[in-house]
Amino acid sequence: MDFNEAKLRIDELKKIIEENNKAYYILDDPKISDYEYDELFRELKNLENQYPLLRTSDSPTLKVGDKISQGFKEHRHKYRLYSLDNSNNFEDLYKWYERVKKEYPNEEDLELVVELKIDGLSCALSYENGNLKIGATRGNGITGENITENILKIKDIPQKLSKPLNIEVRGEVYMPVSSFERLNEENTERGLKEFANPRNAAAGSLRQLDANITKQRDLHFFAYTLISDDKELVKTHYEALKLLKELGFNTNPNSFLVKGINQAKEKCDIWETERFKLDYATDGMVIKINELAKQNELGYTSRAPKWATAFKFPPEEVWTKLIGIELSVGKTGIVTPVAELEPVQLAGTTVKRASLHNFDEIERLKINIGNEVLIKKAAEIIPKVIRKRENEDFGVYKAPEICPSCKVPLKKEAGEVALYCPNVWGCPAQLKGKIEYFASKEAMDIDGIGASLVDKLFDCGLIKDFADLYNLSVNDFMKLDLIKEKSADNLYNSIQASKSPTMTKFLTALSIKHIGKETADIISSEFSNIDEIINASEEDFIKIDGIGDKAAKSIVNFFRDENNKEILNKLKRYNVNPKGSSVEKISDIFNGKTFVITGTLSEPRSVFEAKIKQYGGKTSSSVSKKTSYVLAGENPGSKFDKASSLGVIILNEEEFNSLIEGKINE
Ligand code: AMP
Ligand code: ZN
C-alpha cells in the first residue's frame with residue numbers, strides 16, 4: 001500500500017472506529033463484534049506505525065473510550081484512567097515482556113499478576129475516610145460521568161470500608177450471563193429491545209438516569225485497582241488485591257501471582273477454555289507487573305500503561321455464512337433446524353454447526369441460506385445463531401411441511417412452537433432416535449451401542465424397535481461389516497447385562513414425551529412396580545408433587561397405545577424387568593411427608609434421597625405448600641427463600657438426623 005492509499009484507508013478506519021465508539025460507549029448498542037472492532041483498531045495502529053506522518057492528534061489510537069452522553073454530570077478524574085494495550089497472540093505478549101525486561105537487565109524473571117479481563121464497564125470509586133463519595137464511569141479517561149446515585153444501588157460495592165482510608169478503587173461492573181439472559185427474555189416479552197451482550201446490558205443498566213432501574217438489575221462488581229497517595233499502604237499489586245478484599249470488595253478469585261512470561265502464558269492457555277464455566281463474560285487476561293515501584297518507573301503511553309497488557313481470547317462471537325439448514329427429527333418426532341455453517345474458528349474450536357432452536361426462531365431472525373450470521377458460544381457446547389447482517393435480505397427460510405425422514409405431513413400442537421412428525425411407528429428417524437436413546441447412558445446404559453450401529457442394525461432390518469435389541473445374537477452382529485467377533489461378543493453381553501435396570505432408568509428409556517430423567521425418578525418413587533404405573537390413571541399422576549398435566553396425560557396415553565403395549569410385552573418376554581423400588585423401607589416415620597433438598601450437604605444428595613425413601617418419605621425438586629420439610633445444606637438456593645416465605649419447616653443436616661433417630665419430634 002502506498003502513502004496515498006494508506007491515507008485513504010486511515011481516514012476510512014478512523015471514521016468507522018469513531019462511529020463504533022459512539023455506538024459502543026454512548027448508545028450501549030454496538031454494531032460490530034468486539035473482535036471486528038479490535039481488528040480494525042489494529043489495522044489502523046499498524047498503518048500509523050508504518051506512516052507516522054499520517055497519525056493525527058485526533059486518532060482513536062491516541063484516545064481512550066469516548067465522550068460523555070447527555071444527562072449525567074461530568075466528573076473530572078483525580079487520577080487518569082487508561083485503556084489497555086492488547087494482543088491476540090502470544091508472540092506480541094512475549095514482545096511486551098521483552099520490552100519491559102530490557103529496563104531490568106539484571107533481574108531474574110519478573111513477578112507478574114495474571115487476572116481475568118472482566119467484560120463489563122469500568123468504574124472509579126472515590127473513598128474519603130472510608131466513605132464512598134463518588135462513583136464515575138471512565139469516559140475518555142480524564143473526565144467521566146458522575147453516576148454515584150447508580151453506584152449506590154450495587155450491593156457488591158461497600159459504602160463504608162472496613163478502614164478509614166482515602167483511596168480510589170477501580171473495577172468492573174458486570175452482569176452475570178444468567179441474569180443477562182433473563183433480562184433479555186423479559187425485554188422480549190415486553191416488546192423491548194434485547195441487549196447484544198452482558199457488557200451492554202451492564203452498561204445500559206448502570207447508566208440509567210433513573211437509579212431505581214439500576215437497582216432492579218442484577219449488577220455486580222469486581223475491584224482490581226487501588227490507588228492511594230500513601231506509598232506505604234501497599235507495595236505490590238497482589239497486596240493491593242488482598243487489601244481490597246479486606247476492605248469489603250469482591251476481587252476476582254482467579255488472579256494469579258506468577259514469575260516470568262511463560263507462567264503467565266500457561267494461565268492464559270488454561271483460562272481460554274475454563275472461562276466458559278463462569279457465569280460472567282471475560283474477553284481475555286490482563287497481565288500486570290506486580291511491583292508498584294516498577295509500574296511507576298515504566299509509566300504510560302498516551303492511552304495505556306506500559307506495565308500491563310491484555311491477552312485477548314479468540315472471539316466468542318464471529319460472523320460466518322449460513323450454507324444450509326439441516327432438519328433433524330428427534331426421538332419424539334420433533335423436527336429441529338440446525339444451522340450448517342461455513343467452518344469458522346470460534347473460541348478455540350472449528351464450528352460447522354449451530355443451534356437454531358425452532359422455526360419460530362428462524363422467523364424472528366429473518367434468516368435464510370446465504371445470509372451472513374453472527375454465531376456465539378457461551379457456556380453451552382453448541383454455539384447459537386444470534387442475528388444476521390442488518391442490510392442483507394435473502395428472505396426467510398420456510399419451515400418444512402413434511403417429515404424429512406418419512407415424508408408424512410408435520411403437525412403442531414396448539415400453543416406450542418415445535419413442529420413434529422405424527423408418524424410415531426413408521427418414521428425411521430424417530431424409531432432410530434428412540435433405540436439410540438434407550439441404549440444411552442442416561443437410560444439403559446448399554447455399552448457400545450451408538451448412533452451409527454443403530455443405523456446399521458435398523459437399516460438391514462435386524463431391529464425395528466428397542467425391544468428387538470434383546471433378540472440379537474452374536475451372529476447377528478457378526479453379519480454387520482466391520483464388527484469383529486470380540487466386539488460382537490461384547491455387544492451381546494452388554495445388552496444381556498442391561499436386563500434389570502432401576503425403575504427410573506427403565507421409565508426414562510421409553511422416550512415418553514414430557515417424561516425425562518427427573519420426572520421418571522419422581523414417578524418411580526411413588527409406585528412399587530411397573531404394572532402399577534401402567535395401570536395408574538391421569539388423576540393418580542397429577543396428585544404427585546412435581547408432575548404436571550402434560551406429563552400425566554402423556555404417560556397415560558403412552559401405556560394405552562397398542563404398539564407400546566406390544567413393545568412392553570416383548571421386553572417382558574425377553575426378561576427385561578425393572579427392579580422394584582430400589583430402596584428397602586426401614587420405617588414409616590416419613591409416611592406422607594415430602595422433602596425438598598437444597599444447598600450442599602456433607603454427602604451427595606442421592607444419599608439423603610435414599611434415606612428419605614427408606615423412612616417412607618418422598619422427595620420433590622420444587623417447594624410448594626405441599627412440601628413438609630426443606631433439608632438445607634450450605635449455600636442454599638432460592639428454594640430456601642421460597643420455603644421461608646411459605647412457612648415450610650427448614651431442617652439442617654443435624655436436625656434431619658435427629659428426626660430420623662427419633663430424638664426430636666416434628
Ligand atoms: P479496553 O476496554 O480494551 O480498553 O481494555 C481496558 C479495560 O479493561 C479497562 O478499562 C477495564 O475496564 C477493563 N478490565 C477488565 N478487567 C480488568 C482487570 N482485571 N484489570 C484491568 N482492567 C480490566
Ligand atoms: Zn417422520
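A polar contact is a pair of N or O atoms within 3.5 Å. Keep that cut-off in hand for the first stop. The model on screen is predicted.

**Stop 1: helix H6**

Select residues 198–206, which make up helix H6. Now go to the start of H6 and show side chains. A side-chain oxygen of Asn 197 comes to within 3.1 Å of the backbone nitrogen of Arg 199. That distance falls inside the cut-off for a polar contact, because the limit is 3.5 Å.

Is H6 mostly covered or mostly exposed? Mostly covered: nine of its nine residues are buried. Click along the helix. The buried residues include Pro 198, Arg 199, Asn 200 and Ser 205. Ala 201, Ala 202 and Ala 203 are also among them, as are Gly 204 and Leu 206.

**Zoom out: the whole chain**

Show the full chain as a cartoon. It has 24 helices and 22 strands. Along the principal axes, the C-alpha atoms fill a box of roughly 85 × 70 × 55 Å. The chain has 666 residues, and 48% of them count as buried.

Turn on the surface. Its accessible area is about 33500 Å², with 48% belonging to carbon and sulfur atoms. Then consider contacts between residues at least 6 apart in sequence: 67% of these join residues at least 24 apart.

**Stop 2: a five-stranded sheet**

Colour strands S2, S11, S10, S3 and S9. Together they form an open sheet of mixed pairing, in the order S2-S11-S10-S3-S9. Which strands stand at the edges? Strand S2 (86–87) and strand S9 (255–259) do; each has a single partner strand, so one side of each is left without a neighbour in the sheet.

Move inward to S3 (residues 111–118) and S10 (residues 282–289). These two pair in the antiparallel sense over seven bridges. For a landmark on this pairing, pick Val 114; it stands opposite Ile 287 in S10.

Next, add helix H9 (residues 260–274). H9 lies across S3, S9, S10 and strand S11 (308–312). Against S9, the helix runs at about 150 degrees.

**Stop 3: Thr 320**

Centre on Thr 320, in strand S12 (residues 317–329). Is Thr 320 buried or exposed? Buried: its relative accessible area is 5%, and the buried class ends at 20%.

Find the polar side-chain atom of Thr 320. It lies 2.7 Å from the backbone oxygen of Glu 342. Now display the surroundings, leaving aside neighbours within four places in sequence. Thr 320 is in contact with Leu 341, Glu 342 and Val 344, among others. Its contacts also include Asn 371, Glu 372, Val 373 and Ile 375.

**Stop 4: cysteines**

How many disulfides does a search of the whole structure find? Zero. Select Cys 123: it is buried, at 0% relative accessible area. Cys 403 also counts as buried, with 0% relative accessibility.

**Stop 5: two loop residues with positive phi**

Go to His 357, in the loop between strand S14 (349–355) and helix H11 (359–365). Its phi is near 65 degrees, a positive value in a residue other than glycine. His 357 is partly exposed, with a relative accessible area of 41%.

Finish at Asn 575. This residue sits in the loop between helix H21 (562–573) and strand S19 (594–598). Phi of Asn 575 is near 65 degrees, again positive in a residue that is not glycine. Asn 575 is exposed, at 52% relative accessible area.

Definitions and conventions:
Residues numbered from 1 in each chain as written. Chains lettered and ligands numbered in written order. Predicted model: local features only at pLDDT ≥ 70, side-chain atom pairs only at ≥ 80, totals over all residues. Heavy atoms only, no water. Helix = DSSP H or I, 4+ residues; strand = E, 2+ residues; numbered from the N terminus. Buried < 20%, exposed > 50% of the residue type's maximum accessible area, 1.4 Å probe, protein only. Polar contact = N/O pair within 3.5 Å; in protein donor to acceptor, adjacent residues only side chain to side chain. Contact = heavy atoms within 4.5 Å. Disulfide = S-S within 2.5 Å. Pairing = 2+ DSSP bridges. Axes fitted to C-alpha atoms, helices over the stretch in contact; angles between N-to-C directions. Areas by Shrake-Rupley, 256 points an atom, 1.4 Å probe, with all protein chains shown as cover.
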